[in-house]
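Colleague: I should like to go through this structure and ask what justifies each word used to describe it. May we look at it together?

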Amino acid sequence: ERYLALPLSEVKQAEGRLNLSNLYFLKGEYDQAVQECQKAMELDPQMIKAHWIRGLTFLKKEMFEQADSEVLVIKGLIEETKAEDLRTNYYHLLGELFLCKGINQQALANLNQAATIWSLDRTYYLNALGEAYFKIGELNKAKEKFEDVFEINPNYAQTHYLLGQLYQKQGKKDKARGHLQKFVEIWKNADENLPQFIDAKKRLAGL
């Protein structure tokens with residue numbers, strides 16, 4: 001917000017709004033996230049990542065038709081701008097949409113496609129694929145993908161959080177405790193009111 005108060009070009013303002021929308025999304029403040037995405041897109045109508053975050057936000061709000069519209073917009077913008085490196089956003093959002101609708105094989109296929117494309121954020125997409133396997137009950141596949149995440153970044157917090165839940169589900173308390181403790185350690189400076197932080201501490205207290 002302090003950055004956005006500076007005299008910035010429209011491009012920089014759009015990037016700032018995008019970052020702010022992502023922060024609101026991570027905090028679970030979805031209405032604010034949508035608003036900031038809209039402001040970013042007014043400044044830069046071709047900002048694919050703003051459409052991606054808004055689509056993910058619509059999924060959290062169970063607004064599936066709106067999320068589907070964002071998938072189509074992203075596809076069109078990629079074709080228009082030739083931004084092939086952002087096709088990961090398209091496959092990821094489409095995969096998450098199929099997952100929300102219970103169309104699991106299509107979800108996995110698209111999420112796998114997102115994780116296969118080279119990206120600086122590949123850990124994010126691999127983690128999303130592992131989480132999808134976890135949600136549909138394919139726990140061994142989920143663990144495989146989570147291990148792939150750790151090959152890139154052994155301190156990827158979200159994967160420790162999810163593995164803690166997975167091992168807790170399997171009744172493997174020591175392993176669950178280890179991953180949840182690692183998550184809390186990595187997030188030791190996190191805001192205390194973040195939902196995942198609260199949940200991880202609650203799970204640890206029950207182990």
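Colleague: Why is glutamate 62 called exposed?

Modeller: Its relative accessible area is 62%. Buried means under 20%, exposed means over 50%, and partly exposed lies in between, with a 1.4 Å probe and protein chains only. Glutamate 62 is therefore exposed, since 62% is over 50%. Please note that this is a predicted model, in which local features need pLDDT of at least 70, side-chain atom pairs count only at pLDDT 80 or more, and totals for chains, interfaces and linings use all residues. Residues are numbered from 1 along each chain as its sequence is written, and side-chain values use heavy atoms, with hydrogens and water left out.

Colleague: Where is glutamate 62 found, and what is notable about its phi?

Modeller: Glutamate 62 sits in the loop between helix 3 and helix 4, the latter covering residues 64-81. Helices here are DSSP runs of H or I with at least four residues, numbered from the N terminus (strands are runs of E with at least two). The phi of glutamate 62 is positive, about 60 degrees, although the residue is not a glycine.

Colleague: What makes lysine 82 count as exposed?

Modeller: Lysine 82 has 64% relative accessibility, and so it counts as exposed. Lysine 82 belongs to the loop between helix 4 and helix 5 (87-100). Its phi is near 60 degrees, again a positive value in a residue other than glycine.

Colleague: How do you know whether serine 21 is buried or exposed?

Modeller: The relative accessibility of serine 21 is 0%, so serine 21 counts as buried. Serine 21 has its place in helix 1 (residues 10-27). Apart from neighbours within four places in sequence, it is in contact with Ala33, Glu36, Cys37 and Ile53, where contact means heavy atoms within 4.5 Å.

Colleague: Why is glutamine 32 called partly exposed?

Modeller: Its relative accessible area is 31%. That value falls between the two cut-offs, and therefore glutamine 32 is partly exposed. Glutamine 32 lies in helix 2. From C-alpha to C-alpha it is 20 Å from valine 71, and the two are 39 residues apart in sequence.

Colleague: How do you know how many disulfides the structure has?

Modeller: A search of the whole structure finds zero, a disulfide being a pair of cysteine sulfur atoms within 2.5 Å. For cysteine 37, the nearest cysteine sulfur is that of cysteine 100, 17 Å away, and cysteine 37 is in no disulfide. Likewise, cysteine 100 is in no disulfide, the sulfur of cysteine 37 being its nearest at 17 Å. A separation of 17 Å is not within 2.5 Å, so this pair does not qualify.

Colleague: Which exposure class does each of these cysteines receive?

Modeller: Cysteine 37, with a relative accessible area of 0%, is buried. Cysteine 100 counts as partly exposed, at 40% relative accessibility.

Colleague: What is the packing angle of helix 2 and helix 3, and what does it make them?

Modeller: Helix 2 (residues 30-43) and helix 3 (residues 48-60) pack at about 155 degrees, with axes 9 Å apart. That makes helix 2 roughly antiparallel to helix 3. Axes are lines fitted to C-alpha atoms, for helices over the stretch in contact, and angles run from 0 to 180 degrees between N-to-C directions. Angles under 35 degrees count as roughly parallel, over 145 as roughly antiparallel, 65 to 115 as roughly perpendicular, and the rest as oblique.

Colleague: Which residues make the contact of helix 2 with helix 3?

Modeller: Helix 2 contributes Tyr30, Ala33, Val34, Cys37, Gln38, Ala40 and Met41, while helix 3 contributes Ala50, His51, Ile53, Arg54, Thr57, Phe58 and Lys60. By class there are nine nonpolar, three polar and two charged residues. Ala, Val, Leu, Ile, Met, Phe, Trp, Tyr, Cys and Pro count as nonpolar, Asp, Glu, Lys and Arg as charged, and the others, Gly among them, as polar.

Colleague: Why are helix 6 and helix 7 called roughly antiparallel?

Modeller: Helix 6 (residues 104-116) and helix 7 (residues 122-135) pack at about 160 degrees, their axes 8 Å apart. Since 160 is over 145, the two helices are roughly antiparallel to each other. Their contact has 10 nonpolar, one polar and one charged residues.
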